Amino acid sequence: MSTTARRAGIVAALVSSAALIAPAFAGALPTGSLGSDETTEPGFTCDATSTETSTNGWGIPFDDEKDQTASYSVENVLDEDGSLKLEVDGVEDRSVSYHSAGGVKLADILDTEIGFAERAATAKASFQLRLSGTTGGKFTDTGFTTLVWVPGVTAPDTTDGAVHVSLQDGEWWSTQNIDGAKDFARVSLGAIAAAQPNAVVDHYGVSIGRGSVATSTLVDAVTFNGCITNFAKKDAETETGTGSLGNLGNIFGS
């Protein structure tokens with residue numbers, strides 16, 4: 001199969017996943033921080049593009065993670081305008097980028113698409129949901145924990161770029177022993193939401209590190225709660241008319 005045909009197939013999978021979305025009103029053992037000291041008004045804001053000069057809400061708003069930054073790269077995953085690069089130098093390092101989720105209820109995202117595109121020799125990026133309002137964990141005042149999805153044996157071949165789709169139907173583990181997700185066991189989001197009716201998602205993001213040797217990966221098209229964010233090295237000079245998929249239309253060339 002040609003490279004163009006293979007990429008077209010992958011993008012078709014992404015588009016099909018995006019069509020299921022109803023607009024809504026991190027590597028080994030990523031641990032997240034101990035919570036945010038910022039106060040965010042409820043309400044999710046979609047930022048469809050994030051670049052080096054216009055990050056549009058992506059980054060690290062937590063002091064205890066400020067050195068775990070990601071970077072913007074000219075290298076591509078499936079489009080032609082760059083990507084987000086997650087890179088670590090050793091087992092103590094971590095690289096991550098978050099976006100506010102606006103306090104959307106965990107139960108309300110179960111039927112919306114969660115996913116991202118990745119290019120690396122092996123799939124390694126994790127997806128994270130930072131929650132508050134949970135019960136059973138040690139942070140009884142805030143109910144903070146991070147839910148983590150990591151690629152497993154069924155992850156696609158990311159050598160030439162691929163899309164991790166339907167993570168909302170996958171298995172997740174919690175950094176805290178909350179009700180419904182104990183002892184790092186991998187469970188469904190549905191099971192966690194059933195045990196945590198008051199849990200809300202404050203931030204979502206992608207990461208690698210904490211246990212990984214020196215490594216890196218490229219991430220793009222992060223999908224959450226009806227929003228697909230395209231990561232690019234530079235701001236676009238003109239609108240391309242590609243809608244919520246950002247510059248992914250460039251995959252097919254001219």
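# Notebook: strands, rings and two unusual phi angles

**Entry 1: Thr223 and Ala221.** I began with Thr223, which lies in strand β12, residues 215–224. The model I am reading is a predicted one. I looked up how much of Thr223 is accessible and found a relative accessible area of 2%. Buried means under 20%, so I wrote Thr223 down as buried. I then looked for a polar partner of the Thr223 side chain. A polar atom of that side chain lies 3.3 Å from the backbone oxygen of Ala221.

That led me to Ala221, which also lies in strand β12. Ala221 is buried, with a relative accessible area of 2%. I checked the backbone angle of Ala221 and noted a positive phi of about 50 degrees, although Ala221 is not a glycine. I marked this because most residues other than glycine have a negative phi.

**Entry 2: Phe184.** I looked up another residue with a positive phi. Phe184 has a phi of about 60 degrees and is not a glycine. Where is Phe184 found? I located Phe184 in the loop between β9 (171–174) and β10 (187–188). Is Phe184 buried or exposed? Its relative accessible area is 53%, and exposed means over 50%, so Phe184 counts as exposed. I set the two residues side by side in my notes: Ala221 is buried in the model, whereas Phe184 is exposed.

**Entry 3: the chain as a whole.** I stepped back to the totals. The secondary structure of the protein chain comes to 2 helices and 13 strands. Of the 254 residues in the chain, 48% are buried. The chain exposes about 11500 Å², and carbon and sulfur atoms supply 51% of that area.

I also looked up the confidence. The mean pLDDT of the protein chain is 84, and 77% of its residues reach 70 or more. Over residues 1–41 the pLDDT is below 50. Beyond near neighbours in sequence, this stretch has 88 contacts in the model. Over residues 248–254 the pLDDT is also below 50. That stretch has 13 contacts in the model beyond near neighbours in sequence. I put a caution mark beside both stretches in my notes.

**Entry 4: Phe62, Tyr98 and Arg130.** I turned to the rings. How many aromatic pairs does the structure hold? The count is 13. One of them is formed by Phe62 and Tyr98. For any such pair I need two values, since a pair of aromatic rings is described by the distance of the centres and the angle of the planes. For Phe62 and Tyr98 I noted 5.3 Å centre to centre and 75 degrees between the planes, which is edge-to-face.

I then looked up where the two rings sit. Phe62 is in the loop between β1 (49–51) and β2 (71–73), and Tyr98 is in strand β4, residues 94–105. The pair links distant parts of the chain, 36 residues apart. Phe62 is buried at a relative accessible area of 2%, and Tyr98 is buried at 1%.

Arg130 appears beside both rings. Arg130 lies over the face of Phe62, at 3.7 Å from the ring centre. Arg130 also lies over the face of Tyr98, at 5.1 Å from the ring centre.

**Entry 5: Phe116 and Phe127.** Next I looked up Phe116, whose relative accessibility is 0%, so Phe116 counts as buried. Phe127 is likewise buried, at 0% relative accessibility. Phe116 and Phe127 form a tilted aromatic pair, 6.2 Å centre to centre with 35 degrees between the planes. Phe116 lies in strand β5 (residues 115–119) and Phe127 in strand β6 (residues 126–132), so the pair ties together parts that are 11 residues apart in sequence.

I followed the ring pairs further. They link Phe116 and Phe127 into a cluster whose members also include Trp58, Tyr72, Trp149 and Phe231.

**Entry 6: Ser73.** My last stop was Ser73, in strand β2. Ser73 is buried, with a relative accessible area of 8%. Which residues does Ser73 touch, not counting those up to four places away in sequence? I listed Gly82, Ser83, Lys85, Leu218 and Lys233. A polar atom of the Ser73 side chain lies 2.9 Å from the backbone nitrogen of Glu75. I also noted the spacing of Ser73 and Leu86: 13 residues apart in sequence and 9.6 Å apart in space, C-alpha to C-alpha.

Conventions
Residues numbered from 1 in each chain as written. Predicted model: local features only at pLDDT ≥ 70, side-chain atom pairs only at ≥ 80, totals over all residues. Heavy atoms only, no water. Helix = DSSP H or I, 4+ residues; strand = E, 2+ residues; numbered from the N terminus. Buried < 20%, exposed > 50% of the residue type's maximum accessible area, 1.4 Å probe, protein only. Polar contact = N/O pair within 3.5 Å; in protein donor to acceptor, adjacent residues only side chain to side chain. pLDDT = per-residue confidence, 0-100. Contact = heavy atoms within 4.5 Å. Areas by Shrake-Rupley, 256 points an atom, 1.4 Å probe, with all protein chains shown as cover. Phe/Tyr/Trp six-rings, centres within 6.5 Å; stacked < 30°, edge-to-face > 60°. Lys NZ or Arg CZ within 6 Å of the ring centre and 35° of its normal.
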